[in-house]
Amino acid sequence: MLVTLNDILPAAQKEHYAVGLFNTVNLEMARGVIAAAEESHSPVIIGTAEVLLPFSGLKELAPLLRSMAEKASVPVVLHFDHGLDAELIRQTIKMGFSSVMYDCSTKSFIDNIRDTKEMVCYAHKQGVSVEAELGHVGANDGSAEGESEDDSSLFTDPLEAKEFADATGVDALAVSIGTAHGAYKKAPKLDFDRLTTIRNTIDTPLVLHGGSGLSNDSFKEAIARGITKVNIFTDINTACAKAAHDGYKEGIGMTDLMPLLTEAVKSATLEKIKLFGSEGRA
């Protein structure tokens, strides 16, 4: 069933678990993620991001994902992640996305508040939830997002988080505590004390970006300290590619590989669902 972040994150926050966002840029990935959610009776978030649109366009992807979300036996949020262009985000809403992220994190604090508030007002009138980012999540080599994962000056300020949440009415807030998009070359040092302070300062559900590659202990600690949504793409993306590589042999076709790709994504997603504690929460 198609839902918004507001239908699943408050319960996650109250019960101290997290729901995974798994970006799904083709049929096999979407099938794998939803199959994992249904098997584990977990709510889930699927979708794509502005940076991923060159690989799968909205006009083709949106109706496919929305249809799959509506037919699912568990709550599924259809989320547009890291939208940078306001007009593009409005288009995704018109195309049926139930949730959007308007990422103004590289703008000034004042401009971030102003632009996010405007998008919240627009989206809420359409029954769509909105995620924003305060501070700035960095990027490892090869990622198309962010700057440096080691720059603590980009971390979220707890006092600013309070002002931001109150001023914008945003439904979820992505925080920067030391994670980065893409694949890690070394283990990140996360500022868990900062996360705890933010959690104790605002009631808004908190989001962890740059989750792929974190240790299980880091995930558990982050969720225990207040993270309610975790973004994953690299893990399922590489699982899908590895399945294609390992499964291919001379003479077989794409239709032979498709079930292998779906199963690989399903397995990787199930692992994260169990780790995040959302199993049986649907």
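How many of the eight residues of strand S4 are buried? Select S4, residues 76–83, and find out: eight of the eight are buried, so this strand is largely enclosed by the rest of the structure. Here, buried means under 20% relative accessible area, exposed means over 50%, and partly exposed lies in between, with a 1.4 Å probe and protein chains only. Helices (H or I, at least four residues) and strands (E, at least two) are DSSP runs, numbered from the N terminus.

A word on what is on your screen: this is a predicted model, in which local features need pLDDT of at least 70, side-chain atom pairs count only at pLDDT 80 or more, and totals for chains, interfaces and linings use all residues. Residues are numbered from 1 along each chain as its sequence is written, and side-chain values use heavy atoms, with hydrogens and water left out.

**Stop one: the neighbours of S4**

Keep S4 selected and add strand S3 (residues 44–49), which pairs with S4 in the parallel sense over six bridges. Two strands count as paired if DSSP finds at least two bridges between them. Click on Ala49 and you will find its bridge partner in S4, Asp81. Now show helix H3 (residues 58–71): S3, H3 and S4 make a right-handed β-α-β unit. Right-handed means that, with the strands pointing away from the viewer, the path from the first strand over the helix to the second runs clockwise.

Next, bring in strand S1 (residues 2–3), joined to S4 by two bridges and running parallel to it. Leu2 is the residue to pick, as it stands opposite Val76 in S4.

Then add S5 (residues 99–102), which pairs with S4 in the parallel sense over three bridges. Look for His79, which stands opposite Ser99 in S5. To follow the chain between these two strands, trace it from S4 through helix H4 (residues 86–94) to S5; this β-α-β crossover is right-handed too.

**Stop two: two histidines**

Zoom in on His82, which is found in S4. His82 has a positive phi of about 50° although it is not a glycine, and it is buried, with a relative accessible area of 6%. Show side chains here: that of His82 makes a polar contact with the side chain of Asp103 at 2.8 Å. A polar contact is a pair of N or O atoms within 3.5 Å; within protein, one must be able to donate a hydrogen and the other to accept it, and residues adjacent in sequence count only if both atoms are side-chain atoms.

Now jump to His16, in the loop between helix H1 (9–15) and strand S2 (19–23). Its phi is near 65°, again a positive value in a residue other than glycine. His16 is exposed, with a relative accessible area of 55%.

**Stop three: strand S6**

Finish at S6 (residues 129–134), where six of the six residues are buried, so S6 is largely enclosed by the rest of the structure. In a regular strand the side chains alternate between the two faces of the sheet. In S6, Ser129, Glu131 and Glu133 point one way and Val130, Ala132 and Leu134 the other.

S5 and S6 pair in the parallel sense over three bridges, with Glu131 as the bridge partner of Met101. Four bridges join S6 to the parallel strand S8 (residues 172–175), where Val175 partners Leu134.
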